[in-house]
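Reader: I've got this model open on my screen and I'd like to understand one part of it properly. Could you take me through the largest pocket and what sits around it?

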Amino acid sequence: MARILSQRLKQVMADQLQYTQFCGVPGNSILDAASQFRDIITHAENTGTPLCILTLDFHNAFDRIAHEYLFHILQSYGIRQKFIDLLRAMYSEVTASVQINDTLAGPRPIQCGVRQGYPLSMVLYALCLHPLLSTLDHSLQEPKVGRRKRCRPVLAYADDVTVFVTHPAEFVTIRQTIQCFENDTGALHYRSKSKAMALCRWTAPATELGIVFHDSIKVLGVNFGPTIPQTMKYSWIGVIHAVRAQAQKAYTRSLCFAQRVRYVQSCLLAKISYMAQIVPLTTAHAQQITTICTWFMWQGATFGYQ
C-alpha cells in the first residue's frame with residue numbers, strides 16, 4: 001500500500017516541487033542539482049560576483065515532522081480526503097516501547113516523524129519541506145548564471161538544503177523563515193552541522209543564523225570550494241583516497257586477473273563515474289587512479305592469486 005500511495009504522489013511532486021526539490025521528483029536528478037551548484041560557483045568566479053552559500057542541516061529531519069502538519073499540508077495540495085485518510089491510517093494510533101535494563105517502558109504514542117527507509121517517507125518529507133523551500137525561493141534574489149540564465153536561490157535533495165545568498169540583508173529573511181518552519185513542523189535547525197562558504201569578495205558574517213564559515217563544503221558527495229580549481233582538488237583527492245582504500249581492502253582476495261579486471265570496472269571505476277560527470281578530471285588525478293587500478297590488477301595476480 002505504501003508503494004502504491006508513493007507512486008500516486010509522484011504527480012503532485014512533479015507539479016509542485018519541480019524547481020526546488022531534486023530527489024524523487026520526475027525529471028530531476030542528483031546530477032542536475034550538483035551541476036547547478038557547480039555552474040553558480042563558476043559564474044561567481046568568472047564575474048567576481050560576491051556570493052554566500054549556506055548548507056542547512058535539520059536535526060533528525062525525518063523523525064520530527066508533526067503528523068498534524070503533514071496531513072494539513074497534504075490538504076493544501078488539493079489531495080482528496082479519502083487519500084489522506086489512507087495515509088492517516090498508517091500513522092495514527094502508532095505506539096512504541098523503549099527497553100531499559102530488560103524492562104519495557106511504554107507503550108508511547110508516536111505523534112511525529114515519517115519512517116526513514118519507508119517507501120512513503122521520502123515523498124512525504126519532500127512535500128512537508130516544500131513550504132520552506134517555496135518561501136525562500138520567493139523571498140531571495142536569484143543568482144545569475146551566464147548573461148541571461150538565472151537559477152533558483154534554493155535547492156534541496158531530500159533533507160539537504162542549499163541556499164545561495166546574494167545580499168547580507170537576506171540572512172534575516174532566512175532566519176525568520178526557518179523559525180516559522182520550526183514552529184509549524186517541529187523541525188530543529190542544526191546550526192553546528194550547517195555550514196557557510198564565501199565566494200569572491202563576500203565578507204559579511206552569517207551572525208543572524210549562527211553558522212560558521214568554512215573553506216569548503218560537501219554537497220551531494222562533492223567537496224565544493226570557492227573556485228572550480230579548488231573544487232577539483234578537494235573532490236578528486238577524496239575520490240582517490242576512496243579508490244585506494246577499496247583496492248587495498250580487496251587486494252588479498254583470491255581473484256584471477258580477469259576477475260580483478262571486472263572488479264576494477266564494476267567497483268573501483270564506479271566511484272569516479274559520478275564525480276566525473278560534475279567535476280573535470282585533471283591529468284594528475286587520472287594518473288593516480290590509473291596507477292592504483294594497474295597495481296591492483298597486475299600485482300595481485302603476480303603474487304599467486306590466480
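Author: The largest pocket holds about 280 Å³ of space, in what is, keep in mind, a predicted model. Its lining is made up of 14 residues, and the ones nearest the centre are Thr55, Asp57, Asp160, Lys193 and Lys218. Three elements give two or more residues to that lining: E1, E5 and strand E8 (217-219).

Let's start with E1, residues 51-56. Six of its six residues are buried, so the strand is mostly covered, with buried meaning under 20% relative accessible area. In a regular strand, side chains alternate between the two faces of the sheet. Here neither side is left open: Leu51, Ile53 and Thr55 are buried on one face, and Cys52, Leu54 and Leu56 are buried on the other. Thr55, then, is both a buried residue of E1 and one of the residues nearest the pocket's centre.

What does E1 pair with? Strand E5 (residues 160-165) runs antiparallel to E1 and is joined to it by five bridges. Look for isoleucine 53, whose bridge partner in E5 is phenylalanine 164. Strand E6 (residues 195-199) is also antiparallel to E1, again with five bridges, and in E6 the partner of threonine 55 is lysine 195.

Now follow those strands into the packing. Nonpolar side chains tend to be buried together in soluble globular proteins. The largest nonpolar core in this model has 58 residues, and Leu54, Val163 and Ile174 have the most contacts inside it. E1 and E5 each give two or more residues to this core, as do helix H1 (2-16), helix H3 (67-76), helix H4 (81-91), helix H5 (121-139), strand E4 (154-157) and helix H6 (170-185). H5 supplies the largest share, 11 residues. If you click on valine 163 and skip its neighbours within four places in sequence, you'll find it in contact with Cys52, Ile53, Leu54, Leu56, Leu136, Leu140, Pro153, Val154 and Ile174. There is also a second, separate core of 41 residues, which includes Phe164, Leu199, Ala247 and Met297. Phe164 is the residue already mentioned as the bridge partner of isoleucine 53.

You may be eyeing the cysteines by now. The disulfide count is zero. Cysteine 151 is in none, as the nearest cysteine sulfur, in cysteine 200, lies 15 Å away. Cysteine 151 is buried too, at a relative accessible area of 4%. For cysteine 200, the closest cysteine sulfur belongs to cysteine 52, and because the gap is 12 Å, that's too far for a bond. Cysteine 200 comes out as partly exposed, at 38% relative accessibility.

Finally, zoom out for some context. The protein chain has 10 helices and nine strands, and 44% of its 306 residues count as buried. Its C-alpha atoms fill a box of roughly 65 × 55 × 40 Å along the principal axes. Of the contacts with a separation of 6 or more, 70% are between residues 24 or more positions apart. For a landmark elsewhere, try valine 239 in helix H7 (residues 228-250). Valine 239 is buried, with 7% relative accessibility, and it touches Lys271, Ile272 and Met275, not counting residues up to four places away in sequence. The C-alpha atoms of valine 239 and leucine 5 are separated by 38 Å.

Terms used
Residues numbered from 1 in each chain as written. Predicted model: local features only at pLDDT ≥ 70, side-chain atom pairs only at ≥ 80, totals over all residues. Heavy atoms only, no water. Buried < 20%, exposed > 50% of the residue type's maximum accessible area, 1.4 Å probe, protein only. Helix = DSSP H or I, 4+ residues; strand = E, 2+ residues; numbered from the N terminus. Pairing = 2+ DSSP bridges. Disulfide = S-S within 2.5 Å. Core = buried A, V, L, I, M, F, W, Y, C linked by side-chain atoms within 4.5 Å. Contact = heavy atoms within 4.5 Å. 1 Å grid on protein atoms, 1.4 Å probe; cavity = no way out; pocket = protein on both sides within 12 Å on 5 of 7 lines; lining within 4 Å. Points joined across faces, edges and corners; volume = space filled by probe spheres on them.
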